[in-house]
Each structure stands twice: as C-alpha cells, then as structure tokens.
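Grab a coffee and open the viewer. Here are some exercises to work through, each with its solution.

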Amino acid sequence: MVGLIKKIFKTSSLKIAICVILTVLALFFLDPPFLRYIELKTYDIRMVYRGERVIGPETAVVAIDEKSVTELGRWPWSRAVMAELVRALKAQGVRTIGFDIVFSEPEEDHSLKTLDDISAALNKSASANHAMLELLRKKKRELDTDATFASAIADAANVTLGYLFHFSPAEVAHLKEEDISAGADSIAGSRYGVIQYKRPPEPATLFEARAPLANLEELSSKAENSGFFNAFPDKDGTIRWSPLVIKFRDSYYSSLSVSLLMQYLDWPDTRLFLDTFGVAGIRIGNSLIPTDHTGRMLINYLGPDGVIPHYSAVDVIKGRIPPGTLKDRIVIVGATAIGIYDLRVTPYSPVSAGVNIHATVIDNILRQSFIVRSFAASLLDVLAIISLGLLAGFFVPRLRAVPALLFIMLLTLSFLLVNFLVFSRLNVWLSLVYPMASFLFAYMGITVHKFFTEEKEKKKIRSAFQYYLTSSVINEMLKDPTKLKLGGQKKDLTVLFSDIRGFTSVAEVMSPEELVQLLNEYLTAMTDLVFKYDGLLDKYMGDAIMAVYGAPLDQPDHALRACKTSLEMLFSLDVLREKWRQEGRPDLDIGIGINSGDMVVGNMGSQMRFDYTVMGDRVNLGSRLEGLNKVYGTRIILSEYTRDVVADQLVLRELDSVRVKGKAIPVKIYELLGTQREMTDSLRDFISRFEEGLASYRDCRWDEASRLFEEALKIRSADAPSRLYLERIEKLKIEPPPQGWDGVFTMESK
C-alpha cells in the first residue's frame with residue numbers, strides 16, 4: 001500500500017496537481033483583488049438565484065418618494081413638515097422611528113430673520129408697544145420650525161436620529177475642536193455601554209472616525225437615541241457588509257440599525273466583544289450578531305427593493321394609511337425619490353436606496369438570519385482546494401481526452417450544486433473561485449502536459465505552420481514531420497506579392513488606432529483568400545503580403561491558384577473600398593506581382609528558431625513585378641513564366657518587356673484581366689488593339705502605334721498602359737532610341 005502511494009505521488013500528473021494546489025492555496029491566503037472581485041460576483045449570483053426571503057412584520061420604510069415630493073414640494077422639506085410626519089407616525093402607534101437623514105444645519109427662514117430685526121428695532125425704542133413685542137415673540141415661536149420639529153420628537157419619545165462620521169482629513173480640516181467635542185456630546189447616546197475585552201484590539205482593525213456630522217443639538221437632545229449610517233462598499237462598489245461599530249476617540253458607537261433595535265427591544269443589555277483581532281461579535285439581549293474583525297455584518301438581502309414594505313410619507317401625513325397599519329413597528333424614514341437618495345449598489349440592483357439596507361439589517365438580526373463567513377468556512381475552503389485538486393490529479397491522466405473532459409464537467413456541476421445548497425439552505429458562504437481554480441487548473445495543467453509529451457512532433461508542426469497555412473494543409477503536414485528539418489529543396493513554385501499603393505500617405509492622415517483597425521481588416525480579408533486556395537502565407541511586410549503556392553504540399557496548378565487568389569483579392573478589396581467610403585475612411589488600392597519557376601523552399605534559420613520560406617531569383621522577380629504596377633497603372637502583373645502555364649485559362653495582355661535592376665536578361669510581363677468566362681468581344685478587341693500597338697511601338701512605327709493605342713483608349717478610356725505608351729512615343733519622337741533598340745524597358749530602381 002505504501003509503495004502504491006509512493007508510485008502515485010511520483011507521477012508527473014500528480015506533481016502538477018500538487019503544484020497547482022499549492023499555488024491556489026497561496027492565492028487563497030493572499031486573496032488578490034482580481035480573484036476577490038470574481039468571488040464577490042459569484043456571491044452576488046448565488047444570492048440572487050437563491051430567491052427572495054419574506055421580511056418579518058416588525059420593520060417598514062416610510063419613503064420620501066416621488067409622490068411625496070410632488071405633493072409636498074421639493075426636498076429638503078421644512079422641519080415643520082417633518083414634525084407633522086413624526087406626529088402622524090406616533091398617531092399610527094409606531095414603536096420606534098428612525099431617520100436615515102441628518103439634520104445638521106438649522107433651517108433658514110427669511111421671515112424669522114425679519115421678525116428678529118423688527119424685535120431688535122422695537123427693543124431699542126422707549127415707546128415700544130409691549131403687546132406688539134409679545135405678538136412678535138409668538139410669531140417667532142410659530143416660525144421656528146427647528147423648535148417645532150424638536151417638540152414633535154420630544155412628544156413622540158421614540159425617535160432615533162441618524163448621523164454620519166467623517167473619516168478623511170480633508171472633511172474635518174475646517175472644524176474646530178469645540179465643534180468636534182459638541183458633536184461627540186450630541187451622539188453620546190449611541191455609544192456601546194458595555195464592552196468586554198479579551199485583549200485590546202489593534203487600531204488598524206477597526207473603522208476609526210475623525211469627527212461626527214451630528215444633528216442639531218436642539219434635535220438630538222430630544223431624541224431617544226442616535227446611530228450612524230455610514231456605508232463601506234467593497235472594491236467593486238457593491239454594499240455587502242453593514243458596519244455595526246465605529247471607533248471615535250476612545251469610544252465605540254453603534255449603527256442606526258443597532259440603535260433602533262436597542263430602543264425597539266426596550267433597551268436590553270447590549271455588549272460589544274473585542275479582542276486582539278478586532279470585533280469578536282455584538283450581543284443585543286439574547287441575540288448574538290456575528291461580525292468580521294472590523295465590526296461589519298454580512299447583509300442577508302431579502303430580495304429586490306419591493307420585498308420591504310414602503311409607505312409614502314405624504315400618505316402617512318395626510319392620514320391615507322389605515323389606522324394601525326404601522327402599529328408597534330420599527331419605521332425608518334428615508335429618501336427613495338430619484339435624485340435625492342443615497343444610491344447604493346446591492347447584489348440585486350445597481351440602484352437601491354440606503355434606507356432599504358437598514359431595514360434588511362434589522363430584519364436579519366431579529367430573525368437571526370445571518371450569512372456566515374467564519375474561520376470554519378475558511379478551513380472547509382482549504383479542504384476543498386486540496387481534495388478537488390487531488391481528484392483531478394488522480395483521474396484525469398488515467399482517462400482519455402473526452403472522458404476526462406466529461407469528468408471535469410461533472411465535478412464542476414457537482415461542486416457548484418453543493419456550494420449553492422450550502423449557501424441557500426445553511427446561509428454559509430464557502431469560496432467558489434479557489435476550489436474551482438484548483439481542479440480546473442490541475443486539469444488544464446495535466447492536459448497540457450499530456451499534449452506536450454504524447455504529441456510533441458505534431459505540436460511542433462502546428463506551432464511552426466499554424467499562422468501561415470490553412471488547417472487542411474497542416475493536417476497533411478502532420479503525416480510527414482520530417483518536412484520540419486532544417487534545409488531546403490528546389491521546387492517549381494509560384495510566388496505572389498501584394499502591396500498597398502500610397503500607404504505612407506494614408507498613414508499620415510489617420511490615428512494609430514484607426515490605421516491598425518483598417519490594416520487588420522484588409523490583411524484579414526486578403527489572408528483568408530490566400531488560405532482559400534491553400535497558399536502558404538510566407539510573411540507580412542508592413543502592409544505587404546508574400547504568399548507561396550506549391551509548397552509545402554505539391555500543387556500542380558500552383559500558378560493558377562495564385563492568379564485566382566489575386567483576382568479575388570481585387571474583388572474583395574473593391575467591396576472593402578465601398579464600405580470604407582461609406583464610413584469616411586481613406587480609399588486604398590493594391591498592386592500584385594506573380595512569378596513562377598524554380599525556387600528554393602524549406603526551413604531557413606537555426607535549430608532554435610527558423611522560418612519556412614522561399615528564396616531565389618524568381619522570388620525577387622515576383623517582388624519587382626509587384627512594384628511595376630506603379631509604373632504601368634495596373635493592378636496585377638504576371639511574368640512570362642507564369643503566363644506560359646495559365647494562358648489558356650485566363651485573360652491576359654502583354655504589357656512590356658522589362659529588364660529589372662541587377663539583371664541583364666529582359667522578361668516579358670503581362671497584365672491579368674480576368675478569367676476566360678469574363679472574355680467579351682469588346683475586351684478581345686481592346687487586347688488586340690493594344691498588343692498590335694505594342695508591336696508597332698517595338699518596330700519604332702510611332703504613328704501607327706499611337707493610332708492603335710488611341711483606338712484602345714476609345715474602348716477603355718481609363719487604360720493607364722495605353723496612355724503611358726502614348727507619352728513614351730511623344731518622347732521617343734523627340735529623342736529617338738539608338739540603333740538596335742530592342743524595345744525593352746529598363747527598371748532603374750527596385
């Protein structure tokens with residue numbers, strides 16, 4: 001048994017699996033942001049597909065919604081309106097009222113200021129009427145909406161006000177010490193009264209505020225309690241955690257949700273547990289709230305916003321809600337109208353009101369319905385990473401490709417199902433990304449290893465030819481791996497060169513991004529045509545293409561394949577040009593040169609790096625022919641060597657005899673005009689006139705040659721070669737050629 005285990009662990013596949021497991025475990029403990037992001041998104045998906053939960057009867061939201069704003073006026077409302085709302089809620093029998101709103105500034109009222117000015121003026125007058133001063137004081141009391149609101153809060157005796165904490169130095173730079181101290185006094189009621197330490201926590205483990213943004217002292221002094229409603233989204237902007245504890249100076253403060261619960265439950269014993277690693281938990285009465293080390297609770301969302309009952313604030317104020325509807329409930333007042341509420345991203349919605357989150361947290365605590373992400377869950381994650389990776393390492397190398405894939409698919413589905421059931425039924429958040437990464441990467445690593453070890457020669461061929469041969473040709477090459485050996489052989493082949501005319505000018509007027517997009521679109525279309533005729537894409541040279549026909553596989557009709565490729569290139573380019581014109585892009589044209597003959601073909605380079613390519617004089621001539629299109633104003637030029645093979649299947653006309661740079665022997669060149677199916681009487685007449693004119697030109701019969709070229713132009717008025725010869729004739733009439741002139745055109749450049 002021990003020997004079998006040693007043998008198993010000596011196998012390369014299991015070594016790969018172990019390496020993957022160790023890597024994934026390292027990533028699990030490091031928790032890099034990009035993997036954390038994926039895990040969080042899978043958490044959201046699990047929550048959404050888990051389905052909605054029923055909210056308990058204790059909690060409701062009174063919404064400052066579009067309906068309320070329409071009827072009562074734009075936000076913010078007068079404090080007198082808020083006082084009406086508090087009184088209406090008290091009349092409904094609401095047990096606890098919470099405000100997801102901060103009333104940090106006194107309400108400005110110009111009428112009140114005017115009364116103050118009048119009172120000040122009358123007080124200075126010796127003859128001031130006492131009755132008038134008393135009337136002014138009465139009116140001032142009626143117009144003091146902050147006092148009216150404070151009175152309503154005091155009468156209700158069940159209001160908890162929300163406030164915020166500042167964390168940024170910039171937010172508190174303008175505050176004086178006395179302002180911060182005054183704010184601390186106004187929120188004193190939300191401090192945790194009982195704190196149990198195992199050991200003092202490290203400062204970095206808790207959210208530590210710099211100053212509170214508190215409510216007016218006039219209001220907070222009348223309220224029963226207060227609580228902060230800061231939110232700390234995850235890196236992707238989604239709210240998944242609710243902070244229940246924030247440290248400010250030497251005290252720890254409770255959130256609005258916890259403060260409301262304390263009031264609702266009639267001030268039970270509430271304890272905050274701290275240890276070295278931060279917050280260990282919070283107990284409210286008999287309810288223990290699990291938190292992470294920073295004092296945050298995972299929010300167990302009940303569903304989209306509609307799950308939590310909402311009542312319009314205007315309906316409450318105007319008595320449109322049946323009596324007793326909100327009796328003995330916790331009611332949170334907050335804004336939900338578009339443009340005035342705090343936008344929050346939740347797993348269910350990219351746009352949700354923060355007031356819904358408070359209601360959800362309260363219901364979670366009352367129901368003791370928590371999502372758990374504990375130390376025990378992390379241990380299960382580690383166990384899953386190890387066991388699933390080992391399963392892949394043991395079974396995958398023993399199965400063929402298809403059964404191995406089916407095994408991994410079955411393992412994936414099984415793990416997803418178990419993970420989802422644990423989440424939806426037990427409310428336990430187990431990692432999804434890292435265990436799946438363990439067995440999936442183990443599978444991929446083992447599969448790649450098998451690929452390299454069992455099919456090394458085939459992989460070598462594919463890697464060498466996949467970018468410049470079609471798959472059908474590669475499959476043929478796989479039958480003979482010896483073709484990859486260094487060296488070459490002489491073969492009768494055809495080479496095709498194409499180049500974009502004036503590409504430098506086009507590049508100067510386009511942005512790099514536009515230029516790359518245009519070039520990629522062009523090269524893709526042209527390369528597809530090379531592959532269509534089983535050509536070898538030898539290389540790209542900027543905007544130029546070099547293709548070879550007849551290698552590495554023998555193709556007796558390689559010259560015809562190259563010619564058909566060139567014709568389809570022109571047709572495809574014309575389609576692209578029309579598309580580019582409609583898009584406002586530059587117009588492009590190309591020139592193509594084709595030559596056939598003996599060339600050296602094979603792998604050229606070193607043992608470490610080589611290219612399968614062709615070389616020789618016939619290759620160089622093909623490149624020169626492509627450049628001649630600029631001289632003659634043509635698009636496809638063939639050599640006489642290619643013409644001799646394809647003349648009976650294609651429509652050609654002789655253009656000239658040229659002597660390329662560096663060569664003494666001239667070569668006849670031909671323009672490819674189409675296939676024999678495209679031959680018409682008009683085209684036949686045109687070619688006849690042109691070639692007769694060319695013969696007269698070579699015999700120095702200038703007038704006759706001019707007449708024939710003119711007749712050719714009457715058939716095809718845009719024919720550039722005819723115009724070129726007419727220009728040459730005019731020059732030759734002035735400067736006749738020397739005796740023995742052979743009519744050959746000599747290229748002065750490459």
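What follows is a set of exercises on confidence, helix pairs, sheets and backbone oddities.

**Exercise 1. Confidence**

Find out how many of the residues score at least 70 in pLDDT, and where pLDDT stays under 50.

*Solution.* Keep in mind that this is a predicted model. The protein chain has an average pLDDT of 86, and 87% of the residues reach at least 70. Now look at residues 4-10: pLDDT stays under 50 there, and the model has seven contacts for this stretch beyond four places in sequence.

**Exercise 2. Helices α12 and α14**

Classify how α12 is oriented relative to α14, then describe their contact.

*Solution.* Start by locating the helices: α12 covers residues 256-264 and α14 covers residues 354-367. Their axes come within 9 Å and cross at roughly 50 degrees. Because of that angle, α12 counts as oblique to α14. As for handedness, α12 passes α14 in a right-handed crossing.

Next, pick out the side that each helix brings to the contact. α12 contributes Leu 256, Ser 257, Leu 260, Leu 261 and Tyr 264, while α14 contributes His 358, Val 361, Ile 362, Ile 365 and Leu 366. Sorted by character, the residues of the α12 contact with α14 come out as eight nonpolar, two polar and no charged.

**Exercise 3. Helices α15 and α16**

Are the residues where α15 meets α16 nonpolar, polar or charged?

*Solution.* Geometry comes before chemistry here. The axes of α15 (residues 375-395) and α16 (residues 401-426) come within 11 Å, crossing at roughly 165 degrees. An angle over 145 counts as roughly antiparallel, so α15 is roughly antiparallel to α16. The crossing of these two helices is right-handed.

On the α15 side you'll find Leu 388, Leu 391, Ala 392 and Phe 395; they meet Phe 407, Ile 408, Leu 411 and Phe 415 in α16. The tally for this contact is eight nonpolar, no polar and no charged.

**Exercise 4. Helices α25 and α26**

Work out the handedness of the crossing of α25 and α26, and how their contact residues divide.

*Solution.* α25 spans residues 681-698 and α26 spans residues 702-715. Their axes come within 8 Å and cross at roughly 160 degrees, which means α25 is roughly antiparallel to α26. The crossing of α25 and α26 is left-handed.

Among the α25 residues in the contact are Asp 685, Phe 686, Arg 689, Phe 690 and Glu 692. Those from α26 include Trp 702, Glu 704, Leu 708, Phe 709 and Glu 711. The residues of this contact divide into 10 nonpolar, three polar and five charged.

**Exercise 5. Two open sheets**

Give the strand order of the open sheet of three strands and of the open sheet of four strands, and say which strands stand at the edges.

*Solution.* Take the three-stranded sheet, which is open and has mixed pairing: the order is β5-β9-β10. β5 (208-209) and β10 (251-254) each have a single partner strand, so they stand at the edges, with one side left without a neighbour in the sheet. β5 pairs with β9 (residues 245-248) in the parallel sense over two bridges, and Ala 209 stands opposite Phe 248 in β9.

Then the four-stranded sheet, also open with mixed pairing: the order is β4-β11-β12-β13. Its edges are β4 (194-197) and β13 (287-289), because each has a single partner strand. On average, neighbouring strands of this sheet are turned by 20 degrees against each other, direction ignored. β11 (residues 270-275) and β12 (residues 278-284) run antiparallel and are joined by six bridges. In one of the pairings, Leu 272 has Ile 282 in β12 as its bridge partner.

**Exercise 6. Backbone oddities**

Where are Pro 76 and Asn 427 found?

*Solution.* Recall that most peptide bonds are trans and most residues other than glycine have a negative phi. Against that background, the peptide bond from Trp 75 to Pro 76 is cis, with omega near 0 degrees. Pro 76 sits in the loop between α4 (66-72) and α5 (79-91).

Asn 427 has a positive phi, near 60 degrees, although it isn't glycine. Asn 427 lies in the loop between α16 and α17 (433-454).

Note on methods
Residues are numbered from 1 along each chain as its sequence is written. This is a predicted model: local features need pLDDT of at least 70, side-chain atom pairs count only at pLDDT 80 or more; totals for chains, interfaces and linings use all residues. Side-chain values use heavy atoms; hydrogens and water are left out. pLDDT is the predictor's confidence in each residue, from 0 to 100. Contact means heavy atoms within 4.5 Å. Axes are lines fitted to C-alpha atoms, for helices over the stretch in contact, and angles run from 0 to 180 degrees between N-to-C directions. Angles under 35 degrees count as roughly parallel, over 145 as roughly antiparallel, 65 to 115 as roughly perpendicular and the rest as oblique. A crossing is left-handed if the near helix is turned anticlockwise from the far one by less than a right angle, and right-handed if clockwise. Ala, Val, Leu, Ile, Met, Phe, Trp, Tyr, Cys and Pro count as nonpolar, Asp, Glu, Lys and Arg as charged, and the others, Gly among them, as polar. Two strands pair if DSSP finds at least two bridges between them.
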